[in-house]
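Here are my notes on the model you sent over. Have the structure open while you read, and take the points in order.

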Amino acid sequence: MIIKSKSTRITHKIAEKFAKELLAHEPKTKKALVIGLKGELGSGKTTFVQGFAKGLGIKNKIVSPTFIIMRIYRPQSKKINFSLHHLDAYRIEKQKEFSLLYFKQMISDPKNIILVEWVDKIKRALPKEFFLITFNYGKGKNERIIKFKIVKSL
Ligand SMILES: Nc1ncnc2c1ncn2[C@@H]1O[C@H](COP(=O)(O)OP(=O)(O)O)[C@@H](O)[C@H]1O
Ligand SMILES: [Mg+2]
């Protein structure tokens, strides 16, 4: 599925709707839900996570975790029992530097929803199946092309 977004606000809305639909489906997998985000600097990955978090009922302000690698958020509502992990793998120069063990532990918990910016950098740590969202610049300054797909690595 490919969607064209013409503004930051529209990207927020697209992500919010995507999150709400995921919640509504309540995936009954035994593993965490992993969403990889791919695209150039400024293409809208962090912007997407902001809208996604809002869709899950998270009230915190979402900022880029580039320098600290990961932030964890929980929704205020007690009815929703999961935590959102927002990772930025940009600074992970070599995959071996990244704690694969820690990531494996993270993805083995079905209560985790994990969004990873620069997902290409941690290919080896990814589960067999995950969402991949690719961001590209469109024509105008505020146009972004957002592609959704499900990747099955087997
Ligand atoms: N249609 C759009 N979708 C997302 N961001 C947009 C759009 N148009 C303009 N922007 C701006 O582009 C920048 C995207 O930055 P960010 O989401 O941090 O990108 P990334 O995390 O991919 O580096 C923000 O300043 C945002 O306001
Ligand atoms: Mg970012």
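1. Start with the ligand shell. The residues around ligand 1 break down into two nonpolar, 12 polar and four charged. Bear in mind throughout that this is a predicted model.

2. Who makes up that shell? There are 18 residues around ligand 1, and the closest are Thr-11, Gly-44, Lys-45, Thr-46 and Thr-47. Two elements, α1 (8–25) and α2 (45–55), each give two or more residues to the shell.

3. Now have a look at α2 itself. Nine of its 11 residues are buried, so α2 is largely enclosed by the rest of the structure. The buried ones are Lys-45, Thr-47, Phe-48, Val-49, Gln-50, Gly-51, Phe-52, Ala-53 and Gly-55. Lys-45 and Thr-47 turn up on that list, and both are also among the closest residues to ligand 1.

4. What do the buried residues of α2 pack against? The partners are α1, β2 (33–39), β3 (70–73), β4, β5 and β6. Just after the helix, Gly-57 takes a positive phi of about 85°.

5. On to the largest nonpolar core, which has 31 residues. Those that touch the most other members are Ile-35, Phe-52, Ile-114, Leu-115 and Val-116. Phe-52 ties this point to the previous ones, being one of the buried residues of α2. The elements giving two or more residues to the core are α1, β2, α2, β4 (83–88), α3 (100–107), β5 (112–117) and β6 (129–137).

6. Ile-35 deserves a click. Leaving out residues up to four places away in sequence, Ile-35 touches Ile-114, Leu-115, Phe-130, Phe-131 and Ile-133. Ile-114 and Leu-115 are themselves on the list of core residues that touch the most other members.

7. Please check the backbone at Trp-118, in the loop between β5 and β6. Most residues other than glycine have a negative phi. Trp-118 is not a glycine, yet its phi is positive, about 55°. Is its position buried, exposed or partly exposed? Trp-118 has 19 other C-beta atoms within 10 Å and is partly exposed, because the buried class needs 20 or more.

8. Last, Lys-139, which is found in the loop between β6 and β7 (144–152). Lys-139 has 9 C-beta neighbours inside 10 Å, so it counts as exposed; the cut-off for that class is 12 or fewer. If you want a distance to go with it, Lys-139 and Ile-62 are 27 Å apart in space, C-alpha to C-alpha, and 77 residues apart in sequence.

Definitions and conventions:
Residues numbered from 1 in each chain as written. Chains lettered and ligands numbered in written order. Predicted model: local features only at pLDDT ≥ 70, side-chain atom pairs only at ≥ 80, totals over all residues. Near = placed C-beta within 6 Å. Helix = DSSP H or I, 4+ residues; strand = E, 2+ residues; numbered from the N terminus. Nonpolar A, V, L, I, M, F, W, Y, C, P; charged D, E, K, R; others polar. Core = buried A, V, L, I, M, F, W, Y, C linked by C-beta atoms within 7 Å. Contact = placed C-beta atoms within 7 Å.
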